[in-house]
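Open the model in your viewer and keep the selection tool ready. We will start wide and then zoom in.

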Amino acid sequence: MLNILKQNGPLTAAKVVKPINRDKLIDRLKEFYSLEKFQVQYYQAQLSAANDEYYQRAFAKMVQIESGHAAYFAKQLQAAGIELPKTVPLLEMAGRLLGEAVELTGPEQTCKLGIALESRAIEVYRRFAFEVWDDREMRRTLLEYLLDEEFHSLWLKDYLKRWH
Ligand SMILES: [Fe+2]
Ligand SMILES: [Fe+2]
């Protein structure tokens with residue numbers, strides 16, 4: 001069962017993952033809302049940090065996409081009558097997500113941390129999509145967002161490879 005949750009595993013054997021109950025679903029929605037809000041904050045902070053227009057546009061695009069993701073989870077929580085979790089300061093959240101102290105300096109470090117964040121997002125999106133597999137609409141949204149995160153991760157990796 002764990003095999004299918006691996007980063008490179010197929011996305012077809014979803015039925016073996018136990019669906020989640022409402023409480024767990026609410027927890028997941030909160031977790032994803034916080035994760036997405038953090039990504040928005042993180043990429044937004046990079047907009048003013050560089051004077052390379054191409055690089056800035058890339059981050060502006062990511063801010064836009066991540067904002068859409070955050071809005072979806074906010075909407076789901078609101079529909080369930082649940083208060084939105086408070087946002088956590090950037091560095092604290094980065095440390096919490098990545099389990100280490102982080103420094104946000106320069107494009108190289110920025111891309112590396114971005115890749116780490118995206119990898120984590122990819123991992124949790126895959127698991128969540130399996131957990132709600134029977135909910136076609138949510139599954140479709142989660143798979144779309146998973147793809148967005150995969151594209152971000154690929155762009156960041158490519159940028160690092162070409163310029164650093
Ligand atoms: Fe996202
Ligand atoms: Fe992303």
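This tour goes from the whole chain to one pair of helices, and then to a single residue.

**Stop 1: the whole chain.** Remember that you are looking at a predicted model. Show the chain as a cartoon. It has five helices and zero strands. Follow it along the sequence and the pattern reads α-α-α-α-α. The chain holds 164 residues, and 25% of them count as buried. Now think about contacts between residues with a separation of 6 or more: 63% of these join residues 24 or more positions apart.

**Stop 2: helix 1 and helix 2.** Select residues 22-47 for helix 1. Add residues 53-79 for helix 2. How do the two helices lie against each other? Their axes come within 8 Å and cross at roughly 160 degrees. An angle over 145 degrees counts as roughly antiparallel, so that is how helix 1 and helix 2 are described. The crossing of helix 1 with helix 2 is left-handed. Colour the residues of this contact by type: 14 are nonpolar, seven polar and four charged.

**Stop 3: V40.** Select V40, which sits in helix 1. Is V40 buried or exposed? V40 has 20 C-beta neighbours inside 10 Å, so it counts as buried.

Next, show the partners of V40. Beyond its neighbours within four places in sequence, V40 is in contact with V63, E66, S67 and A70.

Finally, pick the C-alpha atoms of V40 and F59. These two residues are 19 apart along the chain, and the distance between the two atoms is 9.5 Å.

Technical notes. Residues numbered from 1 in each chain as written. Chains lettered and ligands numbered in written order. Predicted model: local features only at pLDDT ≥ 70, side-chain atom pairs only at ≥ 80, totals over all residues. Helix = DSSP H or I, 4+ residues; strand = E, 2+ residues; numbered from the N terminus. Buried ≥ 20, exposed ≤ 12 C-beta atoms within 10 Å, placed from the backbone. Contact = placed C-beta atoms within 7 Å. Axes fitted to C-alpha atoms, helices over the stretch in contact; angles between N-to-C directions. Parallel < 35°, antiparallel > 145°, perpendicular 65-115°, else oblique. Left-handed = near helix turned anticlockwise from the far one by under 90°. Nonpolar A, V, L, I, M, F, W, Y, C, P; charged D, E, K, R; others polar.
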